[in-house]
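Subject: Structure for your set, with notes

Hello,

Please find the structure below. My notes on what was found in it follow.

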Amino acid sequence: MRGCPNGCRFCHAGIYYRPMRVKNKNLIIEEIDHLVFDAGYREVSLNSLSSADFPEVSSLLDILNERYKGFNVSFQLPSLKVNAFSLDILEKLSKIRKSGLTFAV
Ligand code: SF4
């Protein structure tokens, strides 16, 4: 996802990267396929200004866990707003391997 739906007044990135644009789930999976199967990566970061605000983050994590469960691939959400984060997301992120979380308060 590029941009952020929150529009905090103090945040340069939130303003500069407007309008918010959500990447297609199939394109994300296609890019991760390339990273995992062609380049051999086993850690993937789902980057954006506020990753938990991605509209389908929960279903995307379900798909990714199912697709890569045999390859020991871990997924990270490096930029999480505390109030957009849920235990459901945490469980899905730690399903295959433990990974890092970074919170913004
Ligand atoms: S949630 Fe974070 S990235 Fe989004 S506008 Fe606010 S400070 Fe910026």
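Arginine 97 is in contact with Arg42, Glu43, Asn72 and Ser74, leaving aside residues up to four places away in sequence. The model is a predicted one, and what follows should be read with that in mind. Arginine 97 sits in the loop between H4 and E3. Its relative accessible area is 24%, so arginine 97 counts as partly exposed, the cut-off for buried being under 20%. Between the C-alpha atoms of arginine 97 and lysine 69 there are 9.6 Å in space and 28 residues in sequence.

One of the contacts of arginine 97, Asn72, has an entry of its own. Asparagine 72 belongs to the loop between H3 and E2. The phi angle of asparagine 72 is near 55°, which is positive although the residue is not glycine. Asparagine 72 is partly exposed, at 41% relative accessibility.

The sheet

The sheet is open and has three strands in the order E1-E2-E3, paired in parallel. Strand E1 (43-45) and strand E3 (101-104) are the edge strands, each pairing on one side only. From one strand to the next, the twist averages 20°. Three bridges join strand E2 (residues 74-81) and E3 in the parallel sense. Leucine 80 has phenylalanine 103 in E3 as its bridge partner.

Ahead of E1, the loop that follows helix H2 (25-38) contains glycine 40. With a relative accessible area of 43%, glycine 40 is partly exposed. Glycine 40 and phenylalanine 71 are 31 residues apart along the chain, and their C-alpha atoms are separated by 9.9 Å.

The nonpolar core

The largest nonpolar core has 21 residues, of which Ile32, Leu46, Leu64, Tyr68, Phe75, Leu77 and Ile89 touch the most other members. Two or more residues each come from H2, helix H3 (57-68), E2 and helix H4 (87-93). H3 gives the largest share, five residues.

Which residues does leucine 77 touch, not counting those up to four places away in sequence? The list is Leu46, Ser51, Val57, Ile89, Leu93, Gly100, Leu101 and Thr102. Among them, Leu46 and Ile89 are also named with leucine 77 as core residues that touch the most other members.

Helices H2 and H3

Three residues on these helices were examined one by one.

- Is lysine 25 buried or exposed? Lysine 25, in helix H2, has a relative accessibility of 18% and therefore counts as buried, since the cut-off is under 20%. Apart from residues up to four places away in sequence, lysine 25 touches Phe54, Glu56, Ser59, Leu60 and Ile63.

- Isoleucine 63 is part of helix H3. Isoleucine 63 is partly exposed, at a relative accessible area of 32%. Outside its neighbours within four places in sequence, isoleucine 63 is in contact with Lys25 and Ile29. Isoleucine 63 and glutamate 30 lie 33 residues apart in sequence, with 12 Å from C-alpha to C-alpha.

- Asparagine 65 is also in helix H3. Its relative accessible area is 6%, so asparagine 65 is buried. Beyond its neighbours within four places in sequence, asparagine 65 is in contact with Phe75, Lys92, Lys95 and Ile96. One of these, Phe75, is among the core residues that touch the most other members. Asparagine 65 and leucine 93 are 28 residues apart in sequence, and the distance from C-alpha to C-alpha is 8.3 Å.

A cis peptide bond

The peptide bond between arginine 18 and proline 19 is cis, with omega at about -5°. Proline 19 is in the loop between helix H1 (12-16) and H2.

The ligand

Which residues are around the ligand? They are Cys4, Asn6, Gly7, Cys8, Phe10, Cys11, Gly14, Leu49 and Lys81. By type, this shell has five nonpolar residues, three polar and one charged. The charged one is Lys81, since Lys counts as charged. Lys81 of the shell falls within the range given for strand E2, residues 74-81. Gly14 of the shell falls within the range given for helix H1, 12-16.

Regards

Definitions and conventions. Residues are numbered from 1 along each chain as its sequence is written. This is a predicted model: local features need pLDDT of at least 70, side-chain atom pairs count only at pLDDT 80 or more; totals for chains, interfaces and linings use all residues. Side-chain values use heavy atoms; hydrogens and water are left out. A residue is near a molecule or strand if one of its heavy atoms lies within 4 Å of it. Two strands pair if DSSP finds at least two bridges between them. Helices (H or I, at least four residues) and strands (E, at least two) are DSSP runs, numbered from the N terminus. Axes are lines fitted to C-alpha atoms, for helices over the stretch in contact, and angles run from 0 to 180 degrees between N-to-C directions. Buried means under 20% relative accessible area, exposed over 50%, partly exposed in between (1.4 Å probe, protein chains only). A nonpolar core is a set of buried Ala, Val, Leu, Ile, Met, Phe, Trp, Tyr and Cys residues joined through side-chain atoms within 4.5 Å. Contact means heavy atoms within 4.5 Å.
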